[in-house]
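Please open the structure in your viewer, and keep the selection tool at hand as we walk through it stop by stop. At each stop you will be told what to select and what you should then find there.

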Amino acid sequence: MTNRRQLDPDRLGDHIDRLYRAAWGLCGSKEAAEDLVQDTFAKVLARPRFLRNDDDLGYLLRVLRNTFISQLRSRKPSSVPLDEGLDVPEGVTTGQPDEAAELRLVYPAIADLPQEFREAVVAVDVVGLSYSEAAKALKVPEGTLTSRVFRGRRQLAQALEPERNQ
């Protein structure tokens with residue numbers, strides 16, 4: 001028998017910044033990311049959730065991803081342009097204006113990646129899960145996740161530095 005415990009609703013706020021950054025990476029838009037996190041929390045809070053391990057963040061990332069995919073399936077996807085005046089996501093601090101500007105470019109570039117690469121990069125580089133945790137959250141073998149992160153990072157680098165690719 002597996003050791004199950006109930007997800008503590010009072011602790012969801014501990015993960016909001018990382019989930020928001022993950023949602024922004026998936027959606028490419030601040031507003032859509034806020035809506036996605038809100039929808040994710042609404043689903044999680046709708047009924048008691050029982051986890052098999054202590055990985056609250058991994059579970060919440062899976063729910064976020066599944067909510068995102070469900071939303072894509074239920075309506076025609078629309079591209080929302082990223083506001084040029086957009087602030088750096090909460091929880092990310094930078095003292096340099098050039099770093100803030102780079103972040104405004106990175107999230108839309110992540111959102112433009114193919115789904116499997118986007119999910120891998122968001123889980124590892126945005127949320128900060130280990131490769132093992134991310135593989136479990138995305139329900140893929142760790143080797144597959146490693147390959148997707150590598151390929152996703154390579155595509156991001158190419159998208160962010162197009163002059164090098166000529």
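Begin with the whole protein chain, which is a predicted model: of its 166 residues, buried ones make up 39%. If you colour the chain by secondary structure, you should find 7 helices and 2 strands, and reading along the sequence gives the pattern β-α-α-β-α-α-α-α-α. Switch on the surface, and the accessible area shown comes to about 10,000 Å², with 47% of that belonging to carbon and sulfur atoms. Contacts can be sorted by distance along the sequence as well: among those between residues at least 6 apart, 70% join residues at least 24 apart.

**First stop: helix α1**

Select residues 16-27, which form α1. How far apart are the end C-alpha atoms of α1? They are 16 Å apart, and this agrees with the expected span, because 12 residues at 1.5 Å a residue should also cover 16 Å. Within this helix, the buried residues are Leu19, Tyr20, Arg21, Ala22, Ala23, Trp24, Gly25 and Leu26.

Now move to Cys27, which also has its place in α1. Is Cys27 buried, partly exposed or exposed? Its relative accessible area is 23%, and because the partly exposed class runs from 20% to 50%, Cys27 counts as partly exposed. Leaving aside residues up to four places away in sequence, Cys27 touches Ala32, Ala33, Leu36, Phe68 and Ala111. If you add Arg118 to the selection, you will see a residue that is 91 places from Cys27 in sequence, although their C-alpha atoms are 9.9 Å apart in space. Just after the helix, look at Gly28, which takes a positive phi of about 85°.

**Second stop: the nonpolar core**

Next, select Leu61, Leu64, Leu129 and Leu145, which touch the most other members of the largest nonpolar core, a set of 42 residues. Helices α1, α2, α3, α4, α5, α6 and α7 each supply at least two residues of this core. Keep Leu61 selected and show its neighbours: apart from residues up to four places away in sequence, Leu61 touches Leu19, Ala22, Ala123, Val127, Leu129 and Ala137.

**Third stop: empty space**

Rolling a probe the size of a water molecule over the atoms shows where empty space is left. Here the structure holds 1 cavity of 30 Å³ or more, and the largest cavity has a volume of about 30 Å³. To find it, select the lining residues Leu26, Leu61, Arg65, Glu119, Val122 and Leu138, noting that α3 and α5 each supply at least two residues of this lining.

Then turn to the second largest pocket, whose volume is about 310 Å³. The elements giving two or more residues to the lining of this pocket are β2 (50-51), α3 and α6. Among the lining residues you can select are Arg4, Phe50, Asp55, Tyr59, Arg62, Ser132 and Lys136.

**Last stop: the loop between α6 and α7**

Finally, select Lys139, which is found in the loop between α6 and α7. Most residues other than glycine have a negative phi. What is the phi of Lys139? It is near 55°, a positive value in a residue other than glycine. Lys139 counts as exposed, because its relative accessibility of 67% is over the 50% cut-off.

Note on methods. Residues numbered from 1 in each chain as written. Predicted model: local features only at pLDDT ≥ 70, side-chain atom pairs only at ≥ 80, totals over all residues. Heavy atoms only, no water. Core = buried A, V, L, I, M, F, W, Y, C linked by side-chain atoms within 4.5 Å. Buried < 20%, exposed > 50% of the residue type's maximum accessible area, 1.4 Å probe, protein only. Helix = DSSP H or I, 4+ residues; strand = E, 2+ residues; numbered from the N terminus. Contact = heavy atoms within 4.5 Å. Expected span 1.5 Å × (residues − 1). Areas by Shrake-Rupley, 256 points an atom, 1.4 Å probe, with all protein chains shown as cover. 1 Å grid on protein atoms, 1.4 Å probe; cavity = no way out; pocket = protein on both sides within 12 Å on 5 of 7 lines; lining within 4 Å. Points joined across faces, edges and corners; volume = space filled by probe spheres on them.
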